[in-house]
Amino acid sequence: MKWKGLTAACLFCLLLAPGLCLGALEGETGARDDEGSPRKGTLTSPAGQTPLLAGLLEKLMDKGSKERKIFEGVTSIISSAAEMDYETELTIGESLALEGFRRYGMPVNDPALQRYVNLVGCAVARNSLRPAIPYHFVVVDNPLINAFSCPGGIIFICSGLVRALRTEAQLACILAHEVAHVGHKHALKSIQRAQFFQGVGKITAATMEGEKGRQFEQMIGNLQTVLFDRGLDKNMEFEADLTGMQTAYRTGYGPNGMIEVLQGLILLQARSRQKGSWFSTHPPPKQRLMKCMSQASRYPDWKSMAQLPGRFRSYKARLQ
Amino acid sequence: MKRFRIFWVTGFLLAQVMAFSQSHGQDKLWVASEEARLKAERSASSETIATLALGTEVSVLSYESRWYQIRTPSGQEGWIYRGRLNDSPPATEEVPQNLFTGIAKSKIHAEGVDTARSIRGLTRETEQYARNRGTPAVYQEVLERVLALSVTEQELDAFLREGKIGEYAP
């Protein structure tokens with residue numbers, strides 16, 4: 001930990017205060033007083049240090065200061081280059097979700113339907129790759145055949161896609177597919193090289209201001225392009241399909257739900273709006289179907305798993 | 001010739017070691033689901049011996065009709081539905097409790113669709129983003145309501161029981 005702090009301090013100084021690195025290091029390693037004892041709880045500059053450095057160090061000690069927040073961000077990049085903390089991920093997800101409502105519309109005003117979809121979604125999420133984070137599902141009033149997941153576990157499904165389904169197992173497989181994207185952190189991987197993260201590993205209030213704030217907005221804009229228009233890498237989609245099937249199966253739903261959905265999409269493709277739908281953001285359903293079919297042998301007892309067309313139909317009818 | 005014999009013998013031994021390690025690996029599984037309950041019998045309605053923590057490594061004693069008979073590290077033995085286990089450890093991560101809605105360890109509380117969020121709003125940074133973007137307040141309110149939904153594990157189990165799903169299947 002000490003070395004990480006030292007490295008971060010060094011990086012901070014190199015970035016923001018060239019020439020002051022030595023002073024910061026001395027402070028961090030514990031400057032000693034005249035009698036050679038360590039100065040506890042202080043980063044007071046040693047003798048001969050410039051007033052500028054002393055001022056900077058004082059600001060670093062102030063937990064509310066902008067300098068301290070930037071320093072914390074720099075520190076965390078070293079520890080979080082591989083793993084983003086959940087709060088940072090959630091901020092990205094929430095920001096994207098705001099844009100999701102702007103683009104796809106408001107939630108369907110039916111608490112019972114929203115409750116039902118949340119229960120199905122949470123049932124599969126409990127057995128997903130990341131079962132320890134909270135998940136939220138929302139049906140938005142939009143005729144498109146579409147669903148997408150925001151980092152952190154906020155998952156949208158358009159009413160048009162719900163209408164196109166026939167069983168609860170199919171709904172479970174769709175939601176498990178989206179939950180798998182969150183589990184694999186697919187959206188985050190698509191932006192991990194964003195300019196915003198240059199020098200920042202953790203989102204703080206300070207990183208949402210000025211140039212960094214603009215870079216964050218640009219990053220969310222790029223993420224919208226990926227998730228709403230261009231689509232994720234096709235291999236990520238294949239991976240989410242297969243992981244989703246497995247998650248639905250582990251929960252107790254028939255993984256054939258995913259195969260049936262893809263078969264239905266092939267039929268719907270010719271007469272459905274493409275832009276902003278699963279057809280434009282996902283690989284061709286035929287390709288996905290072949291990949292899923294190749295895994296069917298892993299689920300020999302799929303016929304005896306839950307399908308629940310009746311319960312699903314009763315909720316779907318509420319959309320008519 | 002001798003060199004070839006050594007090669008084949010070495011290869012054979014290596015294959016045996018790999019086969020042993022693979023079969024040994026199947027004897028160990030990990031709890032990969034929240035609220036995984038160890039049951040006295042091969043049935044969801046039987047007595048719950050323990051609720052196992054996510055990531056617990058367990059030893060498999062037998063397998064029958066979608067249920068594993070297992071032994072926990074503390075020596076407890078019982079049955080657990082197969083979907084609650086996986087052949088690799090799950091992701092375990094720290095989620096600050098203030099980011100959960102409803103009671104701790106709950107997922108969604110779906111009856112709360114029309115209720116105001118009581119635990120937290122959006123993250124401070126998301127609010128800053130919305131200000132920077134001039135996002136209409138209505139979108140923030142909608143998102144807050146979506147995030148306010150929570151469901152307890154009990155509700156989830158009742159839902160699965162009603163649908164005879166997973167461990168509740170006949």
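## A buried phenylalanine and its surroundings in a two-chain predicted model

Phe159(B) is buried, because 21 other C-beta atoms lie within 10 Å and a residue counts as buried at 20 or more. The structure described here is a predicted model. Phe159(B) belongs to helix H4 of chain B, which covers residues 153-163. When neighbours within four places in sequence are left aside, Phe159(B) is in contact with Leu119(A) and Ala123(A). Its C-alpha atom is separated by 22 Å from that of Arg145(B), a residue 14 places away along the chain.

Chain B as a whole may be described next. Its secondary structure consists of four helices and seven strands. Along the sequence these elements follow the pattern α-β-β-β-β-β-β-β-α-α-α. Chain B has 170 residues, of which 28% are buried. Of the contacts in chain B between residues at least 6 apart in sequence, 56% join residues at least 24 apart.

The domain assignment divides chain B into domain 1 (27-87) and domain 2 (97-168). Four residues from domain 1 of chain B and four residues from domain 2 of chain B take part in the contact between them. On the side of domain 1 of chain B that touches domain 2 of chain B, there are two nonpolar residues, one polar residue and one charged residue.

The contact between the two chains involves 45 residues of chain A and 47 residues of chain B. On the side of chain A that touches chain B, at least two residues each are supplied by helix H5 (86-104), H6, strand S1 (136-140), helix H10 (210-230) and H11. H5(A) provides the largest share of that side, with 10 residues. By class, the side of chain A that touches chain B holds 26 nonpolar, nine polar and 10 charged residues.

Two of the contributing helices, H6(A) and H11(A), are set out in the table.

| Helix | Residues | Expected span | Distance between end C-alpha atoms |
|---|---|---|---|
| H6(A) | 111-125 (15 residues) | 21 Å | 20 Å |
| H11(A) | 234-251 (18 residues) | 26 Å | 26 Å |

For H6(A), the end-to-end distance agrees with the span expected at 1.5 Å a residue. The figures for H11(A) likewise agree. H6(A) is mostly covered, with 13 of its 15 residues buried. In H11(A), 13 of the 18 residues are buried, so this helix is largely enclosed by the rest of the structure. After H11(A) comes Gly252(A), which has a positive phi near 120°.

Positive phi values also occur at residues that are not glycine. Most residues other than glycine have a negative phi. Leu308(A) is not a glycine, yet its phi is positive, at about 50°. This residue is located in the loop between helix H14 (285-294) and helix H15 (309-316) of chain A. Leu308(A) counts as buried because it has 21 C-beta neighbours inside 10 Å.

In chain B, Lys164(B) likewise has a positive phi, of about 55°, although it is not a glycine. Lys164(B) is found in the segment after H4 of chain B, the helix that contains Phe159(B). With 14 other C-beta atoms within 10 Å, Lys164(B) is partly exposed, whereas Phe159(B) is buried.

Key. Residues numbered from 1 in each chain as written. Chains lettered and ligands numbered in written order. Predicted model: local features only at pLDDT ≥ 70, side-chain atom pairs only at ≥ 80, totals over all residues. Buried ≥ 20, exposed ≤ 12 C-beta atoms within 10 Å, placed from the backbone. Contact = placed C-beta atoms within 7 Å. Expected span 1.5 Å × (residues − 1). Nonpolar A, V, L, I, M, F, W, Y, C, P; charged D, E, K, R; others polar. Domains from an automatic or database assignment.
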